[in-house]
Amino acid sequence: RSSMLRFITVSRVGSAALACAALAANGLAAVQYNSSREVEQNVSHTVRPTAAFEQQAKYVAMEMGVPDVTIRIASGFSAFSCPTRRENVIALPRFLMAHSEMDLIDYEVFVMGLPDWEQQHHFRELMLPTKNQVIFTVAHEAAHLAHHHHFTRVAVVNAGLLVYWQIWRRLAVKALHPAAKLGCFSFLGGVYALGVVLSNWAMEFAADKAACLQLRELVPGIFQGAKDSLEQRLEMRRFVHSVHGEQRTGIRADGEEVLFSKGYLSHPPLHMRIAYIDKLLAAASE
């Protein structure tokens, strides 16, 4: 009998280990597949960064611990990074390479749809980046790659699903009222979703911290570059809201996205990130 119990125990442990290994393998493949699709769908296939810009961006990524990376141009306004099957990719919006307003001449036509010249001029002024803003953006995305945040997201989702499934199995056989079961499932689902969101937020704060602290000696103005980058995004959003309104853009008057929007699932509010940069700067100055 004891031999049979040991066999059953070992079988259960082995099955759980195999299930975890299968989930990990599937998660890794899913990240690489989805990242490859994201790159194909969200980068420009006609515009490439200049050789000088790409070399500088690669140097920043190398300082962040990512020696092998490809720099691409994002088709939209947001930067992102992806570990694809063949390479690590950092995609940057084209306005980060702008040196003058003439470099942004087609943004208001193809992206913003601003017919008024004053609106076009003001928007191009908002978009012009500083060197430290560009460095912070590259470093932030490189930090995601260096700390394997894309795989961490998948691990958190899969681990949460496993826990939720185990609890569901145990509750399903309990002699509870159906309404009580529904309430338990809803509560656990909310806790799971909140955990995933907070985990994503923690990784964004971690990337901000890594970008600032690892480059503070190499780039003395990196903290200001981080604040300028985030505040620039706020100003651009406020401007978009002033032109198109909240209903069309999903952006409030203060520059933040409306509550429960897609952006909140992966990134904390910009005001929180700016306050966090101030906190890091205060700690670094002591």
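This is a chat about helix packing and one pocket in a predicted model.

Reader: Hi! I'm new here. How are two packed helices described?

Author: Welcome! Two packed helices are described by the angle between their axes and by the distance between those axes.

Reader: Nice. At what angle do H7 and H8 pack?

Author: About 150 degrees, and their axes are 9 Å apart. Angles over 145 degrees count as roughly antiparallel, so H7 and H8 are roughly antiparallel to each other.

Reader: Which residues make that contact?

Author: From H7 there are Ala211, Cys212, Leu213 and Leu215, and from H8 there are Ile222, Phe223 and Ala226.

Reader: And how many of those are nonpolar, polar or charged?

Author: Seven are nonpolar, with no polar and no charged residues in the contact of H7 with H8.

Reader: Okay, switching partners. How do the axes of H4 and H8 cross?

Author: The axes of H4, residues 117-127, and H8, residues 222-244, cross at roughly 160 degrees and come within 9 Å. H4 and H8 are therefore roughly antiparallel to each other.

Reader: Is the crossing of H4 and H8 left-handed or right-handed?

Author: That crossing is left-handed. On the H4 side, the contact is made by Gln119, His122, Phe123, Leu126 and Met127. H8 brings Gln232, Glu235, Met236, Phe239 and Val243 to meet them.

Reader: What classes do those residues divide into?

Author: In the contact of H4 with H8, six are nonpolar, three are polar and one is charged.

Reader: Now H5, please. At what angle do H5 and H7 pack?

Author: H5 and H7, the latter covering residues 178-215, pack at about 120 degrees, with axes 8 Å apart. That makes H5 oblique to H7. The crossing of H5 and H7 is right-handed.

Reader: Which residues of H5 and H7 meet there?

Author: H5 offers Ile135, Phe136, Ala139, His140, Ala143 and His144. Facing them in H7 are Met203, Glu204, Ala207, Asp208, Ala210, Ala211, Cys212 and Leu215. By class, the contact of H5 with H7 has ten nonpolar, two polar and two charged residues.

Reader: Let's talk pockets! What volume does the second largest pocket have?

Author: The second largest pocket has a volume of about 510 Å³. Its lining is made of 26 residues, and Phe53, Gln56, Leu96, His99 and Val134 lie nearest the centre.

Reader: Which elements give two or more residues to the lining?

Author: For the second largest pocket, those are helix H2, 51-63, and helix H5, 131-146. H2 gives the most to the lining, with six residues.

Reader: And what classes make up that lining?

Author: The lining of the second largest pocket has 18 nonpolar residues, along with four polar and four charged ones.

How values were computed. Residues are numbered from 1 along each chain as its sequence is written. This is a predicted model: local features need pLDDT of at least 70, side-chain atom pairs count only at pLDDT 80 or more; totals for chains, interfaces and linings use all residues. Side-chain values use heavy atoms; hydrogens and water are left out. Axes are lines fitted to C-alpha atoms, for helices over the stretch in contact, and angles run from 0 to 180 degrees between N-to-C directions. Helices (H or I, at least four residues) and strands (E, at least two) are DSSP runs, numbered from the N terminus. Angles under 35 degrees count as roughly parallel, over 145 as roughly antiparallel, 65 to 115 as roughly perpendicular and the rest as oblique. A crossing is left-handed if the near helix is turned anticlockwise from the far one by less than a right angle, and right-handed if clockwise. Contact means heavy atoms within 4.5 Å. Ala, Val, Leu, Ile, Met, Phe, Trp, Tyr, Cys and Pro count as nonpolar, Asp, Glu, Lys and Arg as charged, and the others, Gly among them, as polar. On a 1 Å grid over the protein atoms alone, a cavity is a set of points where a 1.4 Å probe fits but cannot get out, and a pocket is an open set with protein on both sides within 12 Å along at least five of seven lines; lining residues have an atom within 4 Å of a point. Grid points are joined across faces, edges and corners, and a volume is the space filled by probe spheres set on the points.
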